[in-house]
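Let's take a walk through this one together, starting with a single side chain and working outwards. Have the viewer open and follow along.

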Amino acid sequence: MGPDSPFDARLLRVGGRVQGVGFRPFVYRLASRHGLTGSVCNSGGEVVIHIGGPPPAIAAFARELIESAPPLARPRLLESAAAESPASDRFEILESRLETAPQVYVPPDQFCCEDCLRELRDPGDRRYRYPFINCTQCGPRYTLIRALPYDRPNTSMVDFPLCADCRTEYEQPADRRYHAEPTACPVCGPSLTYRAGDRTVSGNEPALDAALEALRDGAILAVKGVGGYHLLCDATDGTAVARLRERKPRPHKPLAVMFPQQGADGMQALRSYLEPDAVEAGLLRSPQRPIVLLPKAGDALAANIAPGLDEVGAMLPYSPLHHLLLDGMGTPLVATSGNSGGDPVITDPAAAEAGLARVADAFLHHDRPILRPADDAVFRVIAGRPRPLRLGRGVAPLELQQPCALEKPVLAVGGHMKNCIALAWEDRLVLSPHIGDLESRRSREVFDQVIADLQRLYGVQAEVVVHDAHRGYASSRWAEASGLPTRAVFHHHAHASALYGEHHGEGDWLVFTWDGVGLGEDGTLWGGEALLGRPGRWRRAARLRPFRLPGGDRVAREPWRTAAALCWETQTPWPGQPASAGLLHEAWQRRINAPITSAAGRLFDGAAALLGLVRQASFEGQGPMQLEAIADASADPLILPCDGDELLEIDWRPLLPMLLDEDTPVPVRAGRFHASLAAAVATVADRLFDRHRFERIGLTGGVFQNRRLTELVLRELAEANRPVALHEQLPCNDAGLAYGQIAEYAADRD
């Protein structure tokens, strides 16, 4: 650049997801390519760029800074201001600066990128077959960050000093591993250890060989991964799968399966067993690498992977260790969470050997500490788009922008089942990964840890706690014991507000909130409601006809109780009623431990039991899942009465004779059940639109995880040209409650 060339200088401030995604090296390379001088540094979670050079080059740099950012980055240009010329005649990456403003972003854990995968499989590379290979574009993040800014001393890699070769890469701005904080190699990084009884095998290759030998022999192997332990076994070996189910115990709940990444698109092996469409295949290959529910194809997988269901939860390997195991086996592996019941996944080797001793035949440990658990994310494609069922590794922490700023930081502690928590301040909201059901002590310990971690990592201290209105929930009890001001939010108001807030809704909506049960405004157990309004102003406009649940909470695991109650309500004989139900019927008649509910989820339970599919459930949702799987897609609906003045009521009673009609095949009856409820939703929407002229219809709550029901409802509503909103970033189940609780709190402050 000559002495007379035009020269400009700018100070650019970039926010969003720019930490832990290789953004600074990208800026360095971009500036060098354009011949610009100056510097880049991390500052309080943002990236500050001081740039100097010809105005056209600076303009091109600023444009590409956003448009050509690394694939894992989500940058936002916050400020561009005139500045003095940089003192340096070259471009530099400066050390991170600490600031008090809480603008940090905690990145999720990432998959193993293609560049690292090529090195992993290259015999000439010094990281050949190294189980912990990573770079700025991949590898663990959330599970190893102790504090921010995201620098190596603030991670669990602090105890692995870099060797000379790794140090050179780490300090070279043009290198792919420049400030890749988890970077390591066989010389200086974490390593594997195999343990089976009294046998211990140390070292990466020997331990890996021993683990593969055990898997080939039909063993159950507990493997420490990125966010915790998986339990692995051969997914084509029905005997091994049965042994895993018996030991865990997990008699019926479907098991996730991990497939080798083979072929040009990585899907060759998976397509031998399952039938993903284009959207599902893209989701499987995405950097998030979630579990995706896919249709079965043939019977090459063990039949007991997902008994009674027509789908399998599938995923591709996302860590180098998983790739090595799957490459070595050449066959798919069951990869289910290493935990007990609904507890968070186990992360510590000693805890794994103690807690999984009755399940696993052997253990494959590593010595990179996992600071907090992160279970795998789960998605299902519904109506042609990915819908999250569980937030986890690769997806969460999930940050969403709020439509309005809060005056003070707020913590929302979610529900009791499928718990996630949310931290919100200013116009930012961060939703945690899946914690689980708060029944056990370990779940509640992780709940406490995640609450403390999010506030510490983001530098935000909550001043208000929002919780579910049900005072018996462990999350509600925690809120009331926190010593902070609290705000209770009704369960289904939170569901509706989560959907409305995610879509930045305007005007009044009609939102169907169908799930298991949640405490309603009238003290009964809601779950089949249609709410009209907007956050802070919901009112019930419709519901399913209520009925009484015999035995209260026990109905969730004993669907026959709901089936019996439906028959008792309608005085319909049920040949399948247990002979021992007499005392229960008497208590039900006397309204002893028989709460009133309108819950659609319980209605699905009852239908599954009446059809003889599931009378005793070993996991939540077993009956409805099998009911959906068997349903005939071509079955015609029954017309259910929908009457009422101030409150429309869908009368489910005409379903009973149909469900009990043994002359009609079970798949047809299951299909009619789905079609009838979908038609009833459309009828309610039509009648309420004539009265209230709402802007949009929403579908939320765990029942709308049911793809068959949801797509039938969408088809019915499309015929009337009704715009419909479904969740796209949040789960429709209770995992989205914390977001909705924040939305309700914010609406009350408007």
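Is Trp-514 buried or exposed? Trp-514 is buried, and its relative accessible area comes out at 0%. Before going further, keep in mind that this is a predicted model. A good companion to look at is Phe-512, which is also buried, with a relative accessible area of 1%; the cut-off for calling a residue buried is under 20%.

Now for the rings themselves. Searching the whole structure turns up 14 aromatic pairs. Phe-512 and Trp-514 make up one of them: the ring centres sit 6.4 Å apart and the planes meet at 80°, so this pair is edge-to-face. The cut-offs behind that call are centres within 6.5 Å and planes over 60 degrees apart. Another edge-to-face pair is Phe-604 with Phe-673, at 4.9 Å centre to centre and 85° between the planes. This pair ties together distant parts of the chain, since Phe-604 belongs to helix α15 (residues 600–610) and Phe-673 to helix α18 (residues 666–692), 69 residues apart. Phe-604 counts as buried at 1% relative accessibility, and Phe-673 counts as buried at 1% too. There is also a cluster to look up, in which ring pairs link Tyr-500, Trp-509 and Trp-538.

Rings have charged company as well. Arg-372 lies over the face of Tyr-142, 5.2 Å from the ring centre. Arg-722 does likewise with Phe-689, lying over the face at 4.2 Å from the ring centre.

Let's move on to some strands. Why can strand β9 be called largely enclosed by the rest of the structure? Six of the six residues in β9 (residues 229–234) are buried, so the strand is largely enclosed. Take its neighbours in turn. Strand β8 (residues 221–224) pairs with β9 in the antiparallel sense, over four bridges, and Val-223 has His-230 in β9 as its bridge partner. The two strands, β8 and β9, form a hairpin with four residues between them, and Gly-228 in the turn has a positive phi of about 155°. Strand β13 (residues 333–337) also runs antiparallel to β9, and five bridges join the two. To find your place in that pairing, go to Leu-231, whose bridge partner in β13 is Thr-336.

Following the chain on from there, Asn-339 lies in the loop between β13 and α9 (349–355). This asparagine counts as buried at 6% relative accessibility. What does the side chain of Asn-339 reach? It reaches the backbone oxygen of Asp-343, at 2.6 Å. Leaving aside residues up to four places away in sequence, Asn-339 touches Lys-248, Pro-344, Val-345, Ile-346, Leu-356 and Asp-375.

Finally, zoom out. The secondary structure of the chain adds up to 20 helices and 31 strands. Its C-alpha atoms fill a box of roughly 90 × 60 × 50 Å along the principal axes. A compact globule of 750 residues would have a radius of gyration near 27 Å, and the chain's value of 27 Å agrees with that. Of the 750 residues in the chain, 60% are buried. As for contacts, take those between residues at least 6 apart in sequence: 71% of them join residues at least 24 apart.

Methods:
Residues numbered from 1 in each chain as written. Predicted model: local features only at pLDDT ≥ 70, side-chain atom pairs only at ≥ 80, totals over all residues. Heavy atoms only, no water. Buried < 20%, exposed > 50% of the residue type's maximum accessible area, 1.4 Å probe, protein only. Pairing = 2+ DSSP bridges. Phe/Tyr/Trp six-rings, centres within 6.5 Å; stacked < 30°, edge-to-face > 60°. Lys NZ or Arg CZ within 6 Å of the ring centre and 35° of its normal. Polar contact = N/O pair within 3.5 Å; in protein donor to acceptor, adjacent residues only side chain to side chain. Contact = heavy atoms within 4.5 Å. Rg over C-alpha atoms; globule rule 2.2 N^0.38 Å.
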